[in-house]
Amino acid sequence: MSTMASGAKLEASHPPKAANAPAPAKKVHYPFWFGGSASCFAAAVTHPLDLVKVRLQTRGPGAPSTMVGTFVHVFKNDGFFGLYSGLSAAILRQLTYSTTRFGIYEELKNHFTSPDSPPGLFTLIGMASASGFIGGMAGNPADVLNVRMQSDAALPPAQRRNYRNAIHGLVTMTRTEGPASLFRGVWPNSTRAVLMTTSQLASYDTFKRLCLEKLGMSDNMGTHFTASFMAGFVATTVCSPVDVIKTRVMSASPAEGRSQSIVGLLRDITRKEGLAWAFRGWVPSFIRLGPHTIATFIFLEEHKKLYRLLKGL
């Protein structure tokens, strides 16, 4: 009798698990390069929009002042392939910058968090800031090339650099301007990378969690699209002022780059253009960054989905 009583107590203290109880979430460690791969696919899709944005931010007197006008101008003067000027530099930038920032961000999330205790917004911001800064440093040489190759055709023929591709551009810059030229604008670029990674990756994870937990949406492409669209809007607004400065610094000639500091550039463009300079090219930036953000995260989620399928997870 006492044995039965003790058995009953034991069952009461350790009730059997329900047959349909959900299994604990399992942490999946994805390859480091997934973010860079997804970003390369996205860059190939959205490159013409990025080119138009750079042309607007660096336009000279008499150049078209609207996105459509710039698009038509490039198409008429340089043909269809002119819209893809600098694509090799854009791909190299994603291979260095995005692989680094996405990879470090995911590694930090994997190491310091678990599925049972998802990180809060401030934790995500801290991880994204560190990842973005390192990514900005790693991707700066390719970013300088990207800006120069996209704006080259808009310059007078005598001032064009005529880089044939990203590798030729790297070699030419190093020979003619020294290795330091590869890190021109590295501080505004790294600052932008911090803001971009924070406003893009951290906000995507936050919006995705809100869609899943608060709005009752499923973890599917509709959720990925919604979260990435909102992340693109946040990222464009936060990064616009630094993006304009970065583009101006990187596209400057060697003499201009040596003669003007960041503070001097800020003072000069504010005096000439007012505070509106901070959001110059915002619309083409969003039209470029919005689709790029959406495409990047959709490609990334599909990378992860395929990985889980192949691993049987």
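Which loop does Asn 162 lie in? Select Asn 162 in your viewer and follow the chain to either side: this residue sits in the loop between H5 and helix H6 (166–177). You are looking at a predicted model, and Asn 162 makes a good place to start the tour. Its phi is positive, about 60°, although Asn 162 is not a glycine. With a relative accessible area of 49%, Asn 162 is partly exposed.

**The whole chain**

Now show everything as a cartoon. You will find 11 helices and 0 strands, so the cartoon reads as α-α-α-α-α-α-α-α-α-α-α from the N terminus on. The chain has 313 residues, and buried residues make up 45% of them. Take the contacts with a separation of 6 or more: residues 24 or more positions apart account for 79% of these.

**The largest core**

Next, select Phe 102, Tyr 105, Leu 201, Ala 202, Tyr 204, Phe 297 and Leu 300, and show their side chains. These have the most contacts inside the largest nonpolar core, which has 17 residues. Which helices supply at least two residues each to this core? Colour helix H2 (34–57), helix H4 (87–112), helix H5 (121–151), helix H7 (186–213), helix H8 (221–251) and helix H11 (282–311), and you have them. The most comes from H7, which gives 4 residues.

Stay with Leu 300 for a moment. Setting aside residues up to four places away in sequence, Leu 300 touches Phe 34, Gly 35, Ala 38 and Phe 102. Apart from the largest core lies another core, of 11 residues; select Val 144, Val 147, Tyr 163 and Met 173 to see some of them.

**H2 and its partners**

Select H2 together with helix H3 (residues 67–78). Their axes are 10 Å apart and the packing angle is about 105°, which makes H2 roughly perpendicular to H3. To see the contact, show Pro 48, Leu 49, Leu 51, Val 52, Arg 55 and Leu 56 on the H2 side, with Met 67, Thr 70, Phe 71, Val 74 and Asp 78 on the H3 side. By class, this contact of H2 with H3 holds 8 nonpolar, 1 polar and 2 charged residues.

Now keep H2 and swap H3 for H5. How far apart are the axes of H2 and H5? They are 9 Å apart, and the two helices pack at an angle of about 80°. H2 and H5 are therefore roughly perpendicular to each other. Here H2 brings His 47, Asp 50, Leu 51, Val 54 and Arg 55, while H5 brings Asn 146, Val 147, Gln 150 and Ser 151. The contact of H2 with H5 divides into 3 nonpolar, 4 polar and 2 charged residues.

**A meeting at Asn 110**

Move on to Asn 110, which you will find in helix H4. Add His 29 to the selection: the two residues are 81 residues apart along the chain, yet their C-alpha atoms are separated by 6.8 Å. Leaving aside neighbours within four places in sequence, Asn 110 is in contact with Lys 27, Val 28 and His 29.

**The last helix**

Finish with H11. Try the distance tool on its end C-alpha atoms: they are 42 Å apart, in agreement with the 44 Å that its 30 residues should span at 1.5 Å a residue. Then step to Gly 312, just after H11, where phi is positive at about 70°.

How values were computed:
Residues numbered from 1 in each chain as written. Heavy atoms only, no water. Core = buried A, V, L, I, M, F, W, Y, C linked by side-chain atoms within 4.5 Å. Buried < 20%, exposed > 50% of the residue type's maximum accessible area, 1.4 Å probe, protein only. Contact = heavy atoms within 4.5 Å. Axes fitted to C-alpha atoms, helices over the stretch in contact; angles between N-to-C directions. Parallel < 35°, antiparallel > 145°, perpendicular 65-115°, else oblique. Nonpolar A, V, L, I, M, F, W, Y, C, P; charged D, E, K, R; others polar. Expected span 1.5 Å × (residues − 1).
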